[in-house]
Amino acid sequence: MGELVLNFNDAILYQADIDILRDLTAWLNDACIHFYFTYLQTKVPRTKVLFMDPSVITFLMHQCDDEDLQEFSQSFQVPSKYLIIPINDGHGSSNSWKRPGSGSHWSLLVVGLAATGGTKHDYWYLDSVRGSGNAQAAREVAQRITEVIEGDANSADITIQSVPSTPQQRNGHDCGLHCLAFASVFCTVPESLKEIEDDVSASPDGTTMRKLVLEAVERAIQERDGVEAGE
């Protein structure tokens, strides 16, 4: 891991993580995803949109028994609009949990929460590689998350809709960056699927997104240093 570089609202980045962000061909790890999700969370109230930590998804899928799930469900604060969930191909039931950061592809699952008193949630799937195989992991995560939301292990069948306007990556390493770009769309709390599709289709490419993440890291470091200098 090396030197601790940044603790941003409990999202930890070590020098090794910064090196990943600076490497133009590096695949993003959990720490990079979690940092930028935490950064996005500062832009929108978590009571409306909640960006979920990938390590929490790993816990729910591979380490959480029925008692754990019940406790998690009771303490989980469901937002009013959207749950933004990073999907890793290691999250599926066919993959045994080995360590955080395992897996080889990122995509995004979005849960549109039912209006107060409603019973039907919307599930949207965004993948920068169509046919990647992550869709099955996304379905299993969606089922698990619905159990958390509803507090019922026998929740209704889930229909996941792929967003057709999702941009496709042109290499083998930008999936995590596209996942972050898609997630950033929800900071504006879009009101319709049409708005989501339009915003996703215009989301930054991998190269641009890598720069944006590094800029966010630099701003966070400068803000931290400014606070420390003033103490």
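## Buried residues in a predicted model

Let's start with Arg144, which sits in helix H5, a helix that covers residues 134–150. Keep in mind as you look around that this is a predicted model.

Is Arg144 buried or exposed? Its relative accessibility is 17%, and buried means under 20%, so Arg144 counts as buried. Which residues does Arg144 touch, once its neighbours within four places in sequence are set aside? Its contacts are Leu60, Met61, Cys64 and Leu69.

One of those partners, Cys64, is itself buried, as its relative accessible area is 10%. Cys175 also counts as buried, with a relative accessibility of 1%. Here are these three residues side by side:

| Residue | Relative accessibility | Class |
|---|---|---|
| Arg144 | 17% | buried |
| Cys64 | 10% | buried |
| Cys175 | 1% | buried |

With cysteines in view, how many disulfides are there? The count is zero. Cys175 helps to show the reasoning: its closest cysteine sulfur is the one in Cys179, at 8.2 Å, and that is too far for a bond. For a disulfide, the two sulfur atoms would have to lie within 2.5 Å.

Now find helix H7, made of residues 193–201. Which of its residues are buried? They are Ile196, Glu197 and Val200. Looking down the axis of H7, you would see these buried residues fall within an arc of 95°, so they line one face of the helix. What do they pack against? Their partners are strand E4 (82–88), strand E6 (122–126) and helix H6 (175–184).

Methods. Residues are numbered from 1 along each chain as its sequence is written. This is a predicted model: local features need pLDDT of at least 70, side-chain atom pairs count only at pLDDT 80 or more; totals for chains, interfaces and linings use all residues. Side-chain values use heavy atoms; hydrogens and water are left out. Buried means under 20% relative accessible area, exposed over 50%, partly exposed in between (1.4 Å probe, protein chains only). Helices (H or I, at least four residues) and strands (E, at least two) are DSSP runs, numbered from the N terminus. The arc is that of the directions from the helix axis to the C-beta atoms. Contact means heavy atoms within 4.5 Å.
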